[in-house]
Amino acid sequence: MLIRIASMIPVFFLVSIFIFLLYESIPSIFYNGWNFFTSYRWNPGMTYREPVPGPFGFRASPGASFGALLFLFGTAATSALALAIVVPVTLITTIALAMHTPRLMSRAVGASMQLFAAIPSVVYGLWGIVFLEPLLLKYVFPWTEATLGFIPWFRGPATSGSGLVASSLVLALMVLPITSAIVLDSFRSLQSRFQAPILSLGATRTEAGIAILGFARRQVIGAVFLGLGRALGETMAVLMTCGGAINMMPVDIYSPINTMAAALAALLDSAFIDASGMALSALAELGLFLMIISLASSAAGRALAGRIVLRGEAW
Amino acid sequence: MGMRRLRDALMGAAGLAISALLLAALLLVLAYVFYGAALRFEPEMLLTMGNATSGGLLNAIVGTWLLSGLALAISALLAIFVAIDIAQYAGARVGSLLRATVDTMAAIPAMVYGLFGFLVFVIYLGMGYSLLAGSLTLSLMMIPYLARSTETAMGNVPKELVAAAYALGASRWQVISRVLLRFGRPLIISGALLTVSIGAGETAQLLYTAGWNPGLPTWFTHSQVGYLTYVVWAGINQPTPYPQGLAFVASALLVGMILVLLLISKWLEGREVRRA
């Protein structure tokens with residue numbers, strides 16, 4: 001039974017990650033309470049002063065406040081916008097690749113998707129900084145200010161290319177390989193059975209494609225959840241393109257923002273110098289919450305789509 | 001009728017256009033990285049060690065290989081047993097527990113692993129920023145990839161071979177070591193290469209576990225280690241051209257390494273699939 005003992009080590013790791021983060025979060029959960037989800041002020045306080053007791057007797061530096069609303073909002077907004085791009089592109093390319101395109105073309109797209117999935121997160125971040133952000137600032141934002149400026153969120157003026165739009169576009173490129181691999185795979189598994197009957201009823205190829213996608217509804221929704229799980233947790237590419245906002249809620253689409261994963265990466269070293277330990281605990285709570293929502297999303301996706309696609313394994 | 005045909009044609013055209021745009025976007029990212037690196041390349045970048053924003057990349061290149069190599073060794077040790085257990089020993093309940101564990105570990109965000117590695121390996125176990133802390137953290141994220149690919153590789157071995165081995169009186173362990181692992185080897189190696197290619201490109205797990213070292217690490221613990229993805233992150237935010245050049249060259253090196261590993265991995269996989 002040595003094999004069973006060895007094979008249980010990863011199970012032990014997984015359980016210990018959860019228990020450990022929960023344990024580390026306890027001071028923050030009691031000290032911050034619901035404030036954690038309703039306030040956007042994230043401030044470790046005067047860390048050079050003696051810690052003072054707060055709610056439930058947990059101690060933090062004077063003036064400390066740990067509200068993660070900005071990060072929660074940023075994660076939700078970037079993921080939502082990324083999915084708003086990814087879902088239609090996935091559906092249209094699936095129908096086009098499976099119904100309209102010669103085999104060679106669809107295989108070329110498939111191979112390139114695999115490369116998309118294997119490119120490191122920091123390289124997307126670099127590309128976002130040196131290519132995407134100047135492009136947005138010089139050409140796209142002036143246009144949105146001029147044409148959509150009557151809506152307050154678009155009025156501007158934009159002063160930087162980083163923020164919600166850049167992060168979401170980069171995220172969309174990173175999520176697309178996952179969703180499209182699953183959707184195209186489920187589509188192909190139904191195609192041979194349903195394509196000929198539907199076409200013989202006089203449907204066009206597009207109408208047949210839409211009908212077959214309808215049969216694969218479950219897998220499509222599952223793929224979206226799996227993509228969401230990936231988008232929620234993405235760190236480096238977002239950290240590099242989000243603008244690193246802190247203590248300020250975005251006022252329009254040009255504002256800098258921040259996400260849970262990016263904030264964890266950006267704030268961990270400064271949290272370590274807080275002698276009361278509350279800043280570290282608050283980050284552990286942020287990490288725990290991030291883990292729970294991304295695991296929930298992937299679990300839902302796995303239940304619906306029937307499998308999970310690892311990076312680089314797609315296609 | 002005309003309307004429907006028109007819509008069909010439009011859909012086909014739109015799909016083709018979007019597919020072409022995706023291909024173009026990928027080529028653009030790759031071309032941008034490689035062209036940018038070629039413009040900024042200087043030989044000393046590959047030949048000397050440096051400080052992420054000055055000097056060369058030699059220490060970061062070696063560090064990336066050390067980190068992902070050690071992480072592969074650690075995670076392979078565990079993942080192979082998980083795969084063997086699922087394939088040969090586990091009943092339905094333990095099997096689904098192990099599969100669920102693997103799938104769940106694959107879905108944990110990189111930064112959560114980074115936070116866990118920092119708190120546990122660096123601080124509580126007292127390893128400090130080091131090769132061992134970084135590799136252990138990286139290995140957590142690699143386990144699901146390896147377990148999955150090893151399980152698939154062993155499942156791919158013909159059932160007749162396994163049955164024949166048992167019929168000849170082989171013990172369960174002999175079947176595992178001489179049939180499943182031996183005939184599954186090409187696919188296991190292909191999965192390991194894919195895993196290393198993903199691991200070499202990771203950053204978030206290493207920021208607070210590996211640290212940075214302008215030279216090479218001297219021991220497994222308490223000696224920090226540099227890596228390429230850190231150079232990309234640190235260099236591109238600098239206002240001067242040389243650190244940005246380092247970031248571009250580091251990116252190109254990473255993407256190049258990953259492409260080579262991925263191609264070998266796919267070639268091995270394709271050869272096996274054709275043989276079967």
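## Working through a predicted model

At 10% relative accessibility, E272(B) counts as buried. That value comes from a predicted model, like everything in the exercises below.

**Exercise 1.** Find out where E272(B) sits and which residues E272(B) touches.

*Solution.* Start with the helix: E272(B) belongs to α11 of chain B, which covers residues 241-275. Next, check the burial. Buried means under 20% relative accessible area, and E272(B) has 10%, so it counts as buried. Finally, look for its neighbours. Leaving aside residues up to four places away in sequence, E272(B) is in contact with F183(B), P186(B) and L187(B).

**Exercise 2.** Work out how helices α4 and α6 of chain B are oriented to each other.

*Solution.* First pick out the two helices: α4(B) takes in residues 92-107 and α6(B) residues 131-155. Their axes come within 8 Å and cross at roughly 135 degrees. Now for the cut-offs: over 145 degrees would be roughly antiparallel, and 65 to 115 roughly perpendicular. The angle fits neither range, so α4(B) and α6(B) are oblique to each other. As for handedness, α4(B) passes α6(B) in a left-handed crossing.

Who makes the contact? On the α4(B) side you'll find R99(B), V102(B), D103(B), M105(B) and A106(B). The α6(B) side brings L140(B), I143(B), P144(B), A147(B), R148(B) and E151(B). Sort the residues of this contact by type and you get 7 nonpolar, 4 charged and no polar.

**Exercise 3.** Take F56(A) and A52(B), and say for each whether the residue is buried or exposed.

*Solution.* Begin with F56(A). Its phi is near 60 degrees, a positive value in a residue that isn't glycine. You'll find F56(A) in chain A, in the loop between β2 (52-53) and β3 (59-60). Exposed means over 50% relative accessible area; F56(A) has 64%, so it is exposed.

Now turn to A52(B). Here phi is positive too, about 75 degrees, and again the residue is not a glycine. A52(B) is in the loop of chain B between α2 (44-47) and α3 (58-89). With a relative accessible area of 2%, A52(B) is buried.

**Exercise 4.** Describe how chain B is split into domains, and how many residues each domain gives to the contact.

*Solution.* Step one is the split: the domain assignment gives domain 1 as 1-40 and domain 2 as 45-275. Step two is the spacing, with the C-alpha centres of these two domains of chain B 32 Å apart. Step three is the contact, to which domain 1 gives 7 residues and domain 2 gives 9 residues.

Terms used: Residues are numbered from 1 along each chain as its sequence is written. Chains are lettered from A and ligands numbered from 1 in the order in which they are written. This is a predicted model: local features need pLDDT of at least 70, side-chain atom pairs count only at pLDDT 80 or more; totals for chains, interfaces and linings use all residues. Side-chain values use heavy atoms; hydrogens and water are left out. Axes are lines fitted to C-alpha atoms, for helices over the stretch in contact, and angles run from 0 to 180 degrees between N-to-C directions. Helices (H or I, at least four residues) and strands (E, at least two) are DSSP runs, numbered from the N terminus. Angles under 35 degrees count as roughly parallel, over 145 as roughly antiparallel, 65 to 115 as roughly perpendicular and the rest as oblique. A crossing is left-handed if the near helix is turned anticlockwise from the far one by less than a right angle, and right-handed if clockwise. Contact means heavy atoms within 4.5 Å. Ala, Val, Leu, Ile, Met, Phe, Trp, Tyr, Cys and Pro count as nonpolar, Asp, Glu, Lys and Arg as charged, and the others, Gly among them, as polar. Buried means under 20% relative accessible area, exposed over 50%, partly exposed in between (1.4 Å probe, protein chains only). Domain bounds come from an automatic or database domain assignment.
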